Amino acid sequence: MNRLKSDFFEKPAINLAEDLLGKMLVRKTDKGLIKGKIVETEAYVGEEDLACHARFGRTERNKAMYGKGGLVYIYLIYGMYYNFNIVAGAEHVPEAVLIRALEPIEGIKLARENLKNYGRVRADKDILSGPGKLCAALNLDKSFYGEDIASSKKIWLEDIGGAKPVVEKSKRVGIDYADIYADKLWRLSIKGNKFVSK
DNA sequence: ACATGGATTCGCT
DNA sequence: GCGAATCCATGTT
């Protein structure tokens, strides 16, 4: 396997968000492996980005974002969903990439089990599409906060090669309050991929 | 301590 | 396309 190491994450969030498209996210649970290809991401770009959780500076909640590239920044939203982010850039630079959707590759049955008490899921394409669902399906929670994805035994990324995907850019979701930053095209997806959310 | 509101999702129209 | 569900962590909204 060709695992991504720390240096891969030491770049601005916008570049990382693009480079992560087409990479394989691997989650090792005690019941087996779940693999999915990243097809949709969003970049959150530091304290001046009014949609970024770092917009009020460093707090207890967002401190992982100030860590080195490759750390996991996970948080609870709407009191019921987790959102999974990978920290980008150098230490002290609060940038991160939200993983919004995966194309299921392996461990689909296991992912469905994890979603059992979640809501109704119909097709395979609905299992990992959407940041909240994706976390539930991969069994990701607060215990992954600050985990280093470059060295963790429970979650990591692999470069599976292949052609560089065609990237589609659009506005980020659910951040209308972010003024001019609400219009930035910092949501990236693989053009035409069925597994992109929404 | 406590009010506030959110990087969502599903189901109904 | 819209509204409700739902509840924890945050704290210049």
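The residues of the surface near DNA strand B divide into 14 nonpolar, seven polar and four charged. In this classification Ala, Val, Leu, Ile, Met, Phe, Trp, Tyr, Cys and Pro count as nonpolar, Asp, Glu, Lys and Arg as charged, and the others, Gly among them, as polar. The model is predicted: local features need pLDDT of at least 70 and side-chain atom pairs count only at pLDDT 80 or more, while totals for chains, interfaces and linings use all residues. Residues are numbered from 1 along each chain as its sequence is written, chains are lettered from A and ligands numbered from 1 in the order in which they are written, and side-chain values use heavy atoms, with hydrogens and water left out.

A residue is taken as near a strand if one of its heavy atoms lies within 4 Å of it. By this criterion 25 residues surround DNA strand B, of which His 53, Tyr 81, Asn 85, Gly 132 and Tyr 177 come nearest. Sugar or phosphate accounts for 56% of the atoms of DNA strand B within 4 Å of the protein, and bases for the rest. Polar contacts are pairs of N or O atoms within 3.5 Å; within protein, one atom must be able to donate a hydrogen and the other to accept it, and residues adjacent in sequence count only if both atoms are side-chain atoms. Two of the contacts with DNA strand B involve base nitrogens: one is 2.4 Å from an N or O atom in the side chain of Asn 85, and one lies 3.5 Å from a backbone N or O atom of Tyr 78. A polar backbone atom of Gly 132 is 2.8 Å from a phosphate oxygen of DNA strand B. Two or more residues of the surface near this strand are given by each of strand S3 (72–77), strand S4 (81–87), strand S5 (95–106) and helix H4 (131–137). Helices (H or I, at least four residues) and strands (E, at least two) are DSSP runs, numbered from the N terminus.

Around DNA strand C the residues are Phe 56, Thr 59, Arg 61, Leu 76, Tyr 78, Gly 79 and Met 80. They divide into four nonpolar, two polar and one charged. Of the atoms of DNA strand C within 4 Å of the protein, 68% belong to sugar or phosphate, the rest being base atoms. The polar backbone atoms of two residues approach this strand: that of Arg 61 is 3.3 Å from a phosphate oxygen, and that of Gly 79 is 3.2 Å from a sugar or linking oxygen.

Tyr 78 and Met 80 also contribute, with Tyr 81 and Tyr 118, to a nonpolar surface patch of about 460 Å². Patches are made of residues with over 30% relative accessible area and no salt bridge, like charges being joined within 9 Å and nonpolar side chains (Val, Leu, Ile, Met, Phe, Trp, Tyr) within 5 Å. Accessible areas come from the Shrake-Rupley method with a 1.4 Å probe, and for residues only the protein chains shown count as cover. Tyr 118 lies in the loop between helix H3 (108–114) and H4. With a relative accessible area of 31%, Tyr 118 is partly exposed; buried means under 20%, exposed over 50%, and partly exposed in between.

Side chains of opposite charge can pair when their charged atoms come close. A salt bridge is defined as a side-chain nitrogen of Lys or Arg within 4 Å of a carboxyl oxygen of Asp or Glu, and the count comes to 14 salt bridges. Among them, Lys 35 pairs with Glu 106, the closest N and O atoms being 3.9 Å apart. This pair links distant parts of the chain, with Lys 35 in strand S2 (residues 32–45) and Glu 106 in strand S5, 71 residues apart. Glu 106 is partly exposed at 35% relative accessibility.

Lys 37 forms a salt bridge with Glu 103, the closest N and O atoms being 3.9 Å apart. Because Lys 37 lies in strand S2 and Glu 103 in strand S5, the pair ties together parts that are 66 residues apart in sequence. Lys 37 is partly exposed at 22% relative accessibility, whereas Glu 103 is buried at 18%.

In the salt bridge between Arg 172 and Asp 49, the closest N and O atoms are 2.8 Å apart. Arg 172 lies in the loop between strand S7 (167–170) and strand S8 (187–190) and Asp 49 in the loop between S2 and S3, so this pair ties together parts that are 123 residues apart in sequence. Both Arg 172 and Asp 49 are buried. A network of salt bridges links Glu 40, Glu 42, Arg 100 and Arg 187.

Conventions:
Buried means under 20% relative accessible area, exposed over 50%, partly exposed in between (1.4 Å probe, protein chains only).
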